[in-house]
There are 2 protein chains.
Amino acid sequence: MRIDGLQYCNFSEKIFRQIRIGNVDSVHVTVCYHENFRETVANLERWNRWFEQYPDLIMKGTTGDCARRAKETGRTAIFFGLQNCSPMEDDIGLVEILHTLGVRFMQLTYNNQSLLATGAYEAEDTGLTRMGKQVVREMNRVGLVVDMSHSAERSTLEAIEHSTRPIAITHANPKFWHPGLRNKSDEVLKALSQSSGMLGFSLYPHHLKGGSNCTLESFCEMIARTADMIGIDHIGIGSDLCQDQPDSVVEWMRVGRWSKEIDYGEGSKDIAGFPPQPDWFRDNRDLGNIETGLKATGMSDQDVSKVMGLNWLRFFDENFGPQ
Amino acid sequence: MRIDGLQYCNFSEKIFRQIRIGNVDSVHVTVCYHENFRETVANLERWNRWFEQYPDLIMKGTTGDCARRAKETGRTAIFFGLQNCSPMEDDIGLVEILHTLGVRFMQLTYNNQSLLATGAYEAEDTGLTRMGKQVVREMNRVGLVVDMSHSAERSTLEAIEHSTRPIAITHANPKFWHPGLRNKSDEVLKALSQSSGMLGFSLYPHHLKGGSNCTLESFCEMIARTADMIGIDHIGIGSDLCQDQPDSVVEWMRVGRWSKEIDYGEGSKDIAGFPPQPDWFRDNRDLGNIETGLKATGMSDQDVSKVMGLNWLRFFDENFGPQ
């Protein structure tokens with residue numbers, strides 16, 4: 001079982017075929033950065049068209065069993081997730097509606113302060129707001145997973161504490177390896193795993209030691225070291241692959257509609273666009289390289305299988321339905 | 001000139017006639033508590049119908065001169081304001097659009113944490129967010145006044161500091177008189193007046209010493225004491241009159257769509273609805289009682305005129321247009 005815990009590609013038949021070449025059985029795809037409810041529904045409509053057009057390549061995923069059925073039938077199950085809480089607007093009733101529509105992950109915030117919690121780019125972090133606490137409870141009730149990949153430290157710790165179910169950090173790396181702005185502290189990683197939460201290791205160059213020049217060896221050693229620290233059962237891949245996206249999309253991700261100024265996020269004026277991928281992870285076809293790299297660190301076949309997909313599968317089984 | 005710096009009545013011909021009986025030349029009316037952009041536009045449409053239906057009683061107000069023209073023609077100018085930033089959603093471009101539509105005040109937050117700042121009901125207060133700082137700058141540019149009536153202490157102080165133009169607290173009272181949750185500290189009142197901002201004294205019973213049993217004398221003494229503390233030029237009336245509203249409306253104000261639980265706000269389970277008004281301020285017809293009450297404290301006629309409307313008029317002149 002091979003599962004990628006986060007991608008935001010400019011999806012197309014070409015990419016769906018690459019996903020199949022890479023034997024990726026399930027992918028959690030982002031269907032919102034800053035969109036409101038109606039705009040997010042339009043993104044779901046586009047996925048519905050793709051499911052209709054490419055039934056031999058992809059299918060909609062809503063439970064762990066969907067991932068299994070996809071594998072058995074040689075297809076890839078697509079799970080929906082939100083990188084922001086903007087689609088629920090100010091309406092707690094939309095949590096259940098979004099779940100009914102198939103959404104399985106929701107970040108409480110994307111870099112900035114939201115109605116629910118604080119993002120990693122704010123100078124101050126209040127933790128969960130009044131509304132945030134109520135929304136986490138509602139997400140727990142229906143089975144919409146809290147994702148804190150882009151959230152600030154205190155908010156992340158409070159989400160772990162306040163949530164009665166495990167949460168996910170679908171795409172980030174440990175700060176001990178690379179001090180990226182939104183990579184995660186040891187304290188967060190330990191609290192996450194102790195609550196049966198999941199960390200998906202990111203392959204987005206700004207999260208990698210050495211950026212685009214990061215080596216496969218360094219990446220896999222980091223995974224092995226994280227496993228030593230927090231256990232083998234709470235880690236997976238969340239590649240954050242943004243394949244074939246024009247640079248206008250990274251601008252949308254960073255600035256949305258909230259600013260009249262440009263904000264380079266984890267980039268800079270000189271490297272404003274999407275950074276190039278490491279040569280050992282160009283796209284979905286290369287996911288097998290990580291499997292090979294993990295084995296080269298001395299990790300057992302069983303443990304490699306957990307990292308490559310079985311941990312995510314267990315997490316899907318346990319967290320995508322009502323409590 | 002008699003100006004009320006905030007009302008949220010269930011407006012009707014009856015109330016428009018009472019406003020005229022009370023010789024109220026201008027009223028700042030709330031057109032949003034939790035509404036998004038489109039819903040707020042629908043509220044403006046309702047006002048357009050009223051302007052069309054009652055041209056002898058009311059007119060739309062957008063500048064200080066509108067207030068003067070209304071007075072000269074025996075009508076009342078209605079100025080629009082938002083008690084929440086929800087109508088601008090996550091879109092800084094909507095600041096100018098809302099101003100073009102006639103909106104002249106916007107609260108950065110209504111009790112809870114917003115995308116811009118922290119409300120008075122949150123346990124923690126981060127001050128202005130990244131987006132908040134940019135939005136205040138944009139509001140300064142177009143002439144949309146920052147209103148911090150429902151905001152938390154630090155956020156209010158930061159709004160005053162960050163704004164290059166005076167801000168308003170359209171409806172609240174000093175904490176030194178009544179320690180209501182969102183009444184304002186001496187520090188806030190001083191910073192407000194030193195930056196030429198305006199405080200509108202509220203007649204909403206939860207903001208009054210003694211609640212519905214507050215006396216006119218106590219209210220007017222409080223105004224005189226505030227004038228001694230921060231000067232006579234930065235205070236006015238912001239009655240927060242919510243006449244003829246069903247209790248379902250106070251529930252909407254408090255809970256919006258953000259909670260599945262009931263929240264009693266400044267009320268309690270036993271007094272969940274709108275509290276009764278003091279008998280000396282039932283509605284717009286009684287605004288003259290405050291004028292009489294202020295004179296009884298020994299305040300000069302000129303100073304009373306400032307409090308009753310001239311201060312707001314000057315503020316309108318200076319702050320409703322581009323910088």
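In this predicted model, strands S4 (residues 76-82) and S5 (residues 103-107) of chain B pair in the parallel sense over three bridges. S5(B) also pairs with S6(B), again in the parallel sense and over three bridges. Chain B can be laid on chain A by a turn of 180°, and the two copies meet through the same surface, because 100% of the interface residues of chain B are also interface residues in chain A. The predictor assigns the complex an ipTM of 0.84 and a pTM of 0.90.

**Parallel strands of chain B**

- Five of the five residues of S5(B) are buried, and the strand is mostly covered.
- On the side of S4(B), the bridge partner of Gly81(B) is Phe105(B) in S5(B).
- On the side of S6(B), Met106(B) stands opposite Val146(B).
- Strand S1 (residues 3-7) of chain B is largely enclosed by the rest of the structure, because five of its five residues are buried.
- S1(B) and strand S2 (residues 26-30) of chain B run parallel and are joined by three bridges.
- Within this pairing, Asp4(B) has Val27(B) in S2(B) as its bridge partner.

**Helix H6 of chain B**

- Helix H6 spans residues 153-162 of chain B, and its buried residues are Ser155(B), Thr156(B), Leu157(B), Glu158(B), Ala159(B) and Ile160(B).
- These buried residues pack against three elements of chain B: H5, strand S6 (145-147) and helix H7 (186-194).
- S6(B) thus appears in two settings, as a packing partner of H6(B) and as a parallel neighbour of S5(B).

**The contact between the chains**

- Chain B contributes 28 residues to the contact, and chain A contributes 28 residues.
- On the side of chain B that touches chain A, the largest share comes from helix H5 (residues 130-142) of chain B, with four residues.
- By class, this side of chain B comprises 13 polar, ten charged and five nonpolar residues.
- H5(B) therefore has two roles in this description: it supplies the largest share of the chain B side of the contact, and it is packed against by the buried residues of H6(B).

**Relation of the two copies**

- Superposing chain B on chain A gives an RMSD of 0.0 Å, with a turn of 180° and a shift of 0.0 Å along the axis.
- This is the relation of a two-fold axis.

**Overall form of chain A**

- Chain A holds eleven helices and nine strands.
- Its radius of gyration is 18 Å, close to the 20 Å that the globule rule gives for 323 residues, so chain A is as compact as a globular protein of that length.
- Along the principal axes, the C-alpha atoms of chain A fill a box of roughly 45 × 40 × 40 Å.
- Of the 323 residues of chain A, 53% count as buried.
- Among contacts in chain A between residues at least 6 apart in sequence, 70% join residues at least 24 apart.
- The mean pLDDT of chain A is 96, and 100% of its residues reach 70 or more.

**Loop residues**

- Asn23(A) is not a glycine, yet its phi is positive, near 55°.
- The residue Asn23(A) lies in the loop between helix H1 (13-21) and strand S2 (26-30) of chain A.
- Asn23(A) counts as partly exposed because it has 18 C-beta neighbours inside 10 Å.
- Asp244(A) likewise has a positive phi, of about 65°, although it is not a glycine.
- The loop that holds Asp244(A) runs between strand S9 (235-237) and helix H9 (247-255) of chain A.
- With 14 other C-beta atoms within 10 Å, Asp244(A) is partly exposed.
- In chain B, Gly74(B) is found in the loop between helix H3 (64-72) and S4.
- Gly74(B) counts as exposed, because it has 11 C-beta neighbours inside 10 Å and the cut-off for exposed residues is 12 or fewer.
- The C-alpha atoms of Gly74(B) and Val24(B) are separated by 9.7 Å, and the two residues are 50 residues apart along the chain.

Methods: Residues are numbered from 1 along each chain as its sequence is written. Chains are lettered from A and ligands numbered from 1 in the order in which they are written. This is a predicted model: local features need pLDDT of at least 70, side-chain atom pairs count only at pLDDT 80 or more; totals for chains, interfaces and linings use all residues. Two residues are in contact if their C-beta atoms, placed from the backbone, lie within 7 Å. Ala, Val, Leu, Ile, Met, Phe, Trp, Tyr, Cys and Pro count as nonpolar, Asp, Glu, Lys and Arg as charged, and the others, Gly among them, as polar. A residue is buried if 20 or more other C-beta atoms lie within 10 Å of its own, exposed if 12 or fewer, and partly exposed in between; C-beta atoms are placed from the backbone. The radius of gyration is taken over C-alpha atoms; the globule rule is 2.2 Å times the number of residues to the power 0.38. pLDDT is the predictor's confidence in each residue, from 0 to 100. Copies are superposed by least squares on the C-alpha atoms of residues with pLDDT of at least 70 in both. Two strands pair if DSSP finds at least two bridges between them.
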